[in-house]
Amino acid sequence: MIVITGGAGFIGSNFVHHWLAERDEPLVVFDALTYAGNLENLAPVASDTRFSFVRGDITDREAVERLLNRVRPRAIVHFAAESHVDRSIRGPQAFLKTNVEGTFVLLEAVRVYRAQWAPSDRESFRFLHVSTDEVYGSLGPSDPPFSEATPFAPNSPYAASKAASDLWVRAYTHTYGLPTLICHCSNNYGPYQFPEKLIPLMIHHAIENRPLPLYGDGSQVRDWLHVEDHCRALLAILDRGRVGETYNIGGRNELTNREVVETVCRLLDRHRPRAHGSHVEGIAEVPDRPGHDWRYAIDTGKIERELGWVPRETFVSGIEKTLSWYLDHPDWVWNVTTGAYREWLDLHYGTGRSERPAQA
Ligand code: NAD
Ligand code: DAU
């Protein structure tokens, strides 16, 4: 049995789908269902007997201990986090609380829980901490890509909170011998991504003929990875990664934001044309994000050499699939963008109810 924190979010839910397609082993999702958590993301697996869901907060020590003692997992894959840079600029405290304190609470609970085990089980336990390339800061145009040896230089409150959580994980490995693994991944895209992030936001706005807000001059560079490739990398790290190591994950798809948005527009011109002209005409330059990191790029040599992982999707194949998914799931988009999924949650949970069986 494994535990997935944050499994109702974008990458976590994709990982749940991937796991259940690849493995017989059951899993439990532990998720607080913040604005970014959506049980609809897990609806396709809700009746699978290997899947169960517990609503809970990683900053709640008692809830985490209850979970560990009841489920007795052999591994935790830790996705739960506040994940949006713009929100971290407007309200940094939630990032400190969830990303740093929440990770600390998990580590502490796991340390105590593991101490009750036989030495062989203690060694086979894994804590996989899902982190980000943003901990490394920003690159110039001719800088080499981030390697695992690149020093941390986080620039946003989000990046600082993730870097801090990485250091806590590292300390628990060195001090207490906790068998941890850390990965630093580049920008993901794919199904179930909350439309506050660049690609789903642009798809949604274009379909509604709303302006497509490009920060600054749109020259910032990100390395885009399809979420299924990220999930495959995480499985490889969990199975074969060396304890105490970090692994960088990237898609070899460095693109400017303008290139990404124009690609989405051209695809929509084919699949969902405007009455007149191209969706590109909807692009509107807006004031830049404060402290905006200019470029991220990833050296994936270590994970390729050690674990034989390489991305399968190109940006061309991945963005086509992604766009089709959003066009084929208007109800999901509507529920998320109108907030209807929150009303549904309130209806189902009511006040004070913290757990429910796996039904979406
Ligand atoms: P997301 O915002 O879509 O999902 C986060 C999930 O965590 C939600 O289901 C939310 O309900 C849950 N959560 C938040 N606070 C919680 C708490 N206190 N207790 C329990 N659950 C809580 O995020 P995502 O984009 O899927 O990212 C998942 C992880 O991957 C994060 O740790 C993020 O830093 C990391 N990451 C994301 C990307 C990316 O491009 N999205 C890239 C690299 C790394
Ligand atoms: O690099 C990994 C990180 O990628 C993850 O750790 C984060 O959780 C994830 O949110 C993502 O961070 P970014 O800030 O890079 O993603 P976002 O989708 O918010 O923005 C991507 C780029 O697009 C960034 O340069 C800002 C720009 N942008 C974004 C939005 C939402 C715009 O130009 N307009 C927008 O409206």
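An oxygen atom of ligand 1 is placed 2.9 Å from a polar backbone atom of asparagine 188. The protein covers 96% of the 840 Å² of accessible area that ligand 1 has on its own. The structure is a predicted model. A second ligand, ligand 2, is surrounded by 22 residues, and the protein covers 94% of the 690 Å² of accessible area that ligand 2 has on its own. The points below take the two ligand sites, then helix 7, the aromatic pairs and glutamate 148.

**Ligand 1**

- Ligand 1 is surrounded by 28 residues, and the closest are Ile11, Asp31, Ser83, Tyr158 and Lys162.
- Besides the contact at asparagine 188, a polar backbone atom of phenylalanine 10 is 3.0 Å from an oxygen atom of ligand 1.
- For glycine 37, a backbone N or O atom is 3.5 Å from an oxygen atom of ligand 1.
- At least two residues of the shell come from each of helix 1 (10-22), strand 5 (126-132), helix 6 (157-176) and strand 7.
- Strand 5 contributes the most to this shell, with 3 residues.
- Sorted by class, the shell around ligand 1 holds 13 nonpolar, 12 polar and 3 charged residues.

**Ligand 2**

- The closest residues to ligand 2 are Thr132, Asp133, Tyr158, Arg289 and His292.
- Tyr158 is thus listed among the closest residues of ligand 1 and also among those of ligand 2.
- Arginine 289 has a polar side-chain atom 2.6 Å from an oxygen atom of ligand 2.
- Arginine 222 has a polar side-chain atom 2.9 Å from an oxygen atom of ligand 2.
- Glutamate 134 likewise places a polar side-chain atom 2.9 Å from an oxygen atom of ligand 2.
- The protein's cover on ligand 2 amounts to 94% of the 690 Å² of accessible area that the ligand has on its own.
- Two or more residues of the shell around ligand 2 come from helix 7 (198-207) and from strand 8 (212-215).
- Strand 8 has the largest share of that shell, 3 residues.
- By class, the residues around ligand 2 are 9 nonpolar, 7 polar and 6 charged.

**Helix 7**

- Helix 7, which gives residues to the shell around ligand 2, is mostly covered, with 8 of its 10 residues buried.
- The buried residues of helix 7 are Ile199, Pro200, Leu201, Met202, Ile203, His204, His205 and Ala206.
- Their cover includes strand 7 (187-189), strand 8, strand 9 (221-226), helix 9 (257-271), helix 11 (315-328) and helix 12 (330-338).
- Strand 7 is therefore part of the cover of helix 7 as well as a contributor to the shell around ligand 1.
- Asparagine 209, just after helix 7, takes a positive phi of about 55°.

**Aromatic pairs**

- The count of aromatic pairs comes to 20.
- Tyrosine 113 and phenylalanine 125 form an edge-to-face pair, because their ring centres are 6.2 Å apart and their planes stand at 75°, over the 60 degrees that this class needs.
- This pair links distant parts of the chain, 12 residues apart: tyrosine 113 belongs to helix 4 (residues 93-115), and phenylalanine 125 to the loop between helix 5 (119-124) and strand 5.
- Tyrosine 113 counts as buried at 2% relative accessibility, and phenylalanine 125 counts as buried at 0%.
- Tyrosine 326 and tryptophan 332 are also edge-to-face, with ring centres 6.1 Å apart and planes at 70°.
- Tyrosine 326 is buried at 4% relative accessibility, and tryptophan 332 is buried with a relative accessible area of 5%.
- One aromatic cluster is made up of Phe104, Trp168, Tyr172 and Tyr176.

**Glutamate 148**

- Glutamate 148 sits in the loop between strand 5 and helix 6.
- At 21% relative accessibility, glutamate 148 is classed as partly exposed, because buried means under 20%.
- Leaving aside residues up to four places away in sequence, glutamate 148 touches Tyr136, Thr246, Tyr247, Asn248, Asp299 and Lys302.
- With one of these, asparagine 248, the contact is to the backbone nitrogen, which the side chain of glutamate 148 reaches at 2.8 Å.
- Cysteine 183 is 35 residues from glutamate 148 along the chain, and their C-alpha atoms are separated by 9.3 Å.

Key: Residues numbered from 1 in each chain as written. Chains lettered and ligands numbered in written order. Predicted model: local features only at pLDDT ≥ 70, side-chain atom pairs only at ≥ 80, totals over all residues. Heavy atoms only, no water. Near = heavy atom within 4 Å. Polar contact = N/O pair within 3.5 Å; in protein donor to acceptor, adjacent residues only side chain to side chain. Areas by Shrake-Rupley, 256 points an atom, 1.4 Å probe, with all protein chains shown as cover. Helix = DSSP H or I, 4+ residues; strand = E, 2+ residues; numbered from the N terminus. Nonpolar A, V, L, I, M, F, W, Y, C, P; charged D, E, K, R; others polar. Buried < 20%, exposed > 50% of the residue type's maximum accessible area, 1.4 Å probe, protein only. Contact = heavy atoms within 4.5 Å. Phe/Tyr/Trp six-rings, centres within 6.5 Å; stacked < 30°, edge-to-face > 60°.
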